[in-house]
Amino acid sequence: LQVSVDQKHLAEARSGILSILHTIMSSVTLLWSVLHQADISDKPAAASAAATSNINLGSTKKLRQQILELLGPISMNHGAHFMAAIAYVWNERKQVKTPIRNKVIPVASEEQLLLVELVRSVSAMHTETVMQTVKEVLKQPPATAKDKKHISLEVCMLQFFYAYVQRIPVSSLVDSWPSLLVLLKDSMQLGLPAPGQFLILGVLNEFILKNPNLESKKDQRELQDVTHKVVEAIGTIAGSSLEPTTWLRRNLEVKASPQIVVDGTNLEADVEDLMLTVMEASSFTPSVYSVHALTLLAEVLAHLLDMVFYSDEKEKVIPLLVNIMHYVVPYLRNHSAHNAPSYRACIQLLSSLSGYQYTRRAWKKEAFDLFMDHTFFQMDASCVSHWRAIIDHLMTHDKTTFRDLITRVAVAQSSSLSLFTNRDAELEQRAMLLKRLAFTIYSSEVDQYQKYLPDIQERLVESLRLPQVPILHAQVFLFFRVLLLRMSPQHLTSLWPTMITELVQVFLLMEQELTADEDISRTSGPSVAGLETTYSGGNGFSTSYNSQRWLNLYLSACKFLDLALALPPESLPQFQMYRWAFIPEASDDSGLEVRRQGTHQREFKPYVVRLVKLLRKRAKKNPEEDCSTKTIPWEPGHLMLTLYVIRSMEQLLPFFNLLSQVFNSKASCRTGPVYSHNPADSSFTGSKEGHKLESQKVFWSRARQNIEEMVEKDFLEGLIKT
């Protein structure tokens, strides 16, 4: 203090130190982390909280104190430089690539979190001071670290601030609301890169989670206002992969360009690097962030708006959501592979919004239109559960929508197939509507639509009246499977005769085709009275039976039988009366002769036995399609048939082989019949019986979940089934 120093030299020295402050901070934080590790490893669990460890530099407590004494004055006099240096070190300490990183906002590493602890330990850096300093850095980042490439200082600063907000007490956050509001408002004016704007939404969301209610109405209005602006900004980024179809602004479509994925292990390895890179305005295209924006909105938007806008203010949310839906719907209309990441994110967003009834006005019409689109089922299997939630919310809270769907099916069925229209197109339309009605019921709770069952049954019977329409009848069998899973047994009693009759008809048809292949006259085969009028239109055997549509029908019918056998017998009591017609029971001996009305007749052989025999013969004739050696596993409560499409009937041979073996006496001795897993068959008593019942509940609960996942995939169209 006594030596006179030239102010010019002092200024040079100061700017010299500030220019390397990020390097100094890097060293200091390294020492801070060493002290942290020493305290963790040396301090025994039972030791006093006041105890301090010693490393070869001295007592950790004293070293911490000295670090804070060094940083205190710097943070007070050069806050912006100090925080910019923290941001620089934050980027240095980022996590090494992890196998699964599916977060839009990167999760802070342990070393980065020590930076938060360090800043909180500096006495001069109160919460309000931190907020004001972060705002300064965002507005005018110090030039010191700007020469370092591959770093967006603003984004790193906000990543630090996001982690800081997550870890400070609620009281500190609430007391600093005015400063936080200014920071949020100003940040929206700065034109930050997209990752920075994501972090602004993240910070806002953290504040609302910690403190949903502000005491002052003025504060609450300002919170609503800033939320509106932040969400709109993210919505604009979300729509950046869209372009207008015409000069009319309201029509948007997806650009035909690849999209960066935010999806677990599929996440692009360099997403974080990209997010941290300062890109020149000429090369920067915000559309690389559209999927990230949609994913972030899916995670936070629905809950955020519900917290910020009170029950009497929900109307204010609708215009904002209408704008967001303007960007979401074009992605959901596009089923191309390159749009899949956006589709997944959008369906998650719509699903989360649909859970709040007050939002319905913003998405109801668009969701129903998408549902009725002919490409609706061309989606990834991971999206189905979200659509189920949306359709359930759509139909449950508005019964007129469900009735409208049933009416559409009825109207389509009542219109006669005209000679002057495309018959195939009309039939496809009927099948499409029936499939959507089935999906609606599949998306509901058990017995939710029980009172509509007479109407539904009428629609199904009407669909079956048309002869030679495999595309429609295949959907009927899918509908039957849905009803087995979504209606209680007592409500389906009147439908079982129809279900069994149709199953018999399809098996007879398969048998007829296989028999015709052997050049055996149709009269020597099983009686197919009534079949000709139902399926063949009285024109005799049609060679088109082997076309893909007929194969789809055969597969759909077999899957219905598979499900009926997989479900516990007590949930399908009516089916137990008919199962003998399809599969050989343990006591069967199909070779016995019986005397009836004075003539000898062979005893009835179950359809499975008959079809196995014919399929084996055909397989021998076509060695290239021989599936007789293929086996499929059998487990109680699991579906055996997991194919989604077949190219020839021989592909069903392993399934029929299994059915003909697993239920006969020998196989039963070896593996136990399907129903041995049922509580009703348990002979245990007392506590053992109670335990058995409980384990049976768990078993069937898991089995049902597996079954439902398999049935769910049968709704999907196109190649994406995984």
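**Exercise 1.** Are Glu315 and Arg361 buried or exposed in this predicted model, and which elements does their contact connect?

*Solution.* Begin with accessibility, where the cut-off for exposed is over 50% relative accessible area; both Glu315 and Arg361 are exposed. Next consider the contact itself, in which the two side chains meet in a salt bridge with an N to O distance of 2.8 Å. Finally, place the partners: Glu315 belongs to the loop between helix H13 (290-308) and helix H14 (317-333), while Arg361 belongs to helix H16 (residues 360-372), so the pair ties together parts that are 46 residues apart in sequence.

**Exercise 2.** Determine which parts the salt bridge between Arg388 and Glu708 ties together, and classify the accessibility of Arg388 and of Glu708.

*Solution.* The closest N and O atoms of Arg388 and Glu708 are 3.8 Å apart. Since Arg388 lies in helix H17 (residues 384-396) and Glu708 in helix H28 (residues 686-713), the pair ties together parts that are 320 residues apart in sequence. Buried requires a relative accessible area under 20%; Arg388, at 18%, is therefore buried, and Glu708, at 14%, is likewise buried.

**Exercise 3.** Carry out the analysis for Arg549 and Asp424, then state which residues share a salt-bridge network with Arg388.

*Solution.* Arg549 and Asp424 form a salt bridge whose closest N and O atoms are 4.0 Å apart. Arg549 is in helix H24 (residues 548-566) and Asp424 in helix H19 (residues 423-442), so parts that are 125 residues apart in sequence are tied together. Arg549 is partly exposed at 31%, and Asp424 is partly exposed at 40%. As for the network, salt bridges with shared partners join Arg388 to Arg486, Arg704, Glu708 and Glu712.

Key. Residues are numbered from 1 along each chain as its sequence is written. This is a predicted model: local features need pLDDT of at least 70, side-chain atom pairs count only at pLDDT 80 or more; totals for chains, interfaces and linings use all residues. Side-chain values use heavy atoms; hydrogens and water are left out. Helices (H or I, at least four residues) and strands (E, at least two) are DSSP runs, numbered from the N terminus. Buried means under 20% relative accessible area, exposed over 50%, partly exposed in between (1.4 Å probe, protein chains only).
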